[in-house]
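Work through the following exercises with the sequence and the structure at hand. Each task is followed by a solution in steps.

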Amino acid sequence: MATVIWGSQRVLEQLEWYQTKKETHRGQFVKKLLRYAETGFAQWQGADRPIRHEWDQVFRIGDTSNLFRVIGFYGAGNHAEFIALDAYLKSGTKLSAAERERIDRVSDVRAKGAWRKVEQ
Amino acid sequence: MNEHRGILHLVQDADAQPDAAGIDLRLDLAHAIVRRLDALGWSQNELAQRCGLKPSFISRLIHSDSNCSFSTAARVLSALGVRPRLTIVPDPTPDHQSHPLQEATHAQTSFEETFSEPAGRPAFGPLQTSRPLGAE
């Protein structure tokens, strides 16, 4: 089952910033993200896979070759929709306090249902 | 807040990069590995042990972050009970559509057709939050 990604403006901005910044790996993250969506996030999720659970049903999408991360959660409790709310380049391999706080904020948005889709 | 040009622009830019077909091929391999791991109920460590490679290398393959050799790819897939075959298809990027020798000169490869998925790109839609996500 494919996964539809709903991305916040912040995620789109960060994806574009990262794609422009990292010339050596240009476009790779976006291509991976779309492939994960086309084939369904479920297959790519796990402890040592690109999509990992952080906490409170918040997940991160990332690489082994870089520290760029997309943070979000599943919309309907299954893998049909992924709500991508935040994205950033980690400052190190360990989560910093500020990065933990950002994940907490995403968790808070999820818990309160404080988001809505913008149909195009 | 900066203006972004949208996901379609990002996808077109990504597809236009010199290594675009290379990352597609690595994703094909990664997808084949995760599907076989799930089908067999194996962990990545178990696969690493069975094919005599480091778990960290298997992890890099699954993240499509390793430019491994054909021999190594075959070794990993063989441990999973499958064998890779090369499939050549026309390059779908616009620059190659009018080339008379496109099938022969601009090849894109993929692993086992049995691992291919139905066509169709899922939507990437925008959303808004009614709560702040933190400082810019």
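**Exercise 1: aromatic pairs**

Over all chains, a search of the whole structure finds ten aromatic pairs. Rings of Phe, Tyr and Trp (its six-membered ring) pair if their centres lie within 6.5 Å; planes under 30 degrees apart count as stacked, over 60 as edge-to-face and the rest as tilted. The model is predicted: local features need pLDDT of at least 70 and side-chain atom pairs pLDDT 80 or more, while totals for chains, interfaces and linings use all residues. Residues are numbered from 1 along each chain as its sequence is written, chains are lettered from A and ligands numbered from 1 in the order in which they are written, and side-chain values use heavy atoms, without hydrogens and water.

*Task.* Classify the pair of Phe29(A) and Phe68(A), and state where its members lie.

*Solution.*
1. The ring centres are 4.9 Å apart and the planes stand at 85°, so the pair of Phe29(A) and Phe68(A) is edge-to-face.
2. Phe29(A) belongs to helix α2 (residues 28-39) of chain A and Phe68(A) to strand β4 (residues 68-74) of chain A, so the pair links parts of the chain 39 residues apart. Helices (H or I, at least four residues) and strands (E, at least two) are DSSP runs, numbered from the N terminus.
3. Phe29(A) has a relative accessible area of 6% and is buried; Phe68(A), at 0%, is buried. Buried means under 20% relative accessible area, exposed over 50%, and partly exposed in between (1.4 Å probe, protein chains only).
4. Phe29(A) and Phe68(A) form one aromatic cluster with Trp17(A) and Tyr18(A).

**Exercise 2: salt bridges**

*Task.* Which parts of chain A does the salt bridge of Arg10(A) and Asp86(A) link?

*Solution.*
1. The side chains of Arg10(A) and Asp86(A) meet at 3.4 Å, N to O. A salt bridge is a side-chain nitrogen of Lys or Arg within 4 Å of a carboxyl oxygen of Asp or Glu.
2. Arg10(A) lies in helix α1 (residues 9-21) and Asp86(A) in strand β5 (residues 81-89) of chain A, 76 residues apart.
3. Arg10(A) counts as buried at 8% relative accessibility, and Asp86(A) is buried at 0%.

**Exercise 3: a bridge between chains**

*Task.* Where do the partners Asp28(B) and Arg35(A) lie?

*Solution.*
1. The two side chains, of Asp28(B) and Arg35(A), form a salt bridge of 2.7 Å, N to O.
2. The pair crosses between chains, from helix α2 of chain B to helix α2 of chain A.
3. Asp28(B) is buried at 16%, and Arg35(A) is buried at 12%.
4. Salt bridges that share partners join Asp28(B) and Arg35(A) with Lys31(A), Asp15(B) and Asp24(B) into one network.
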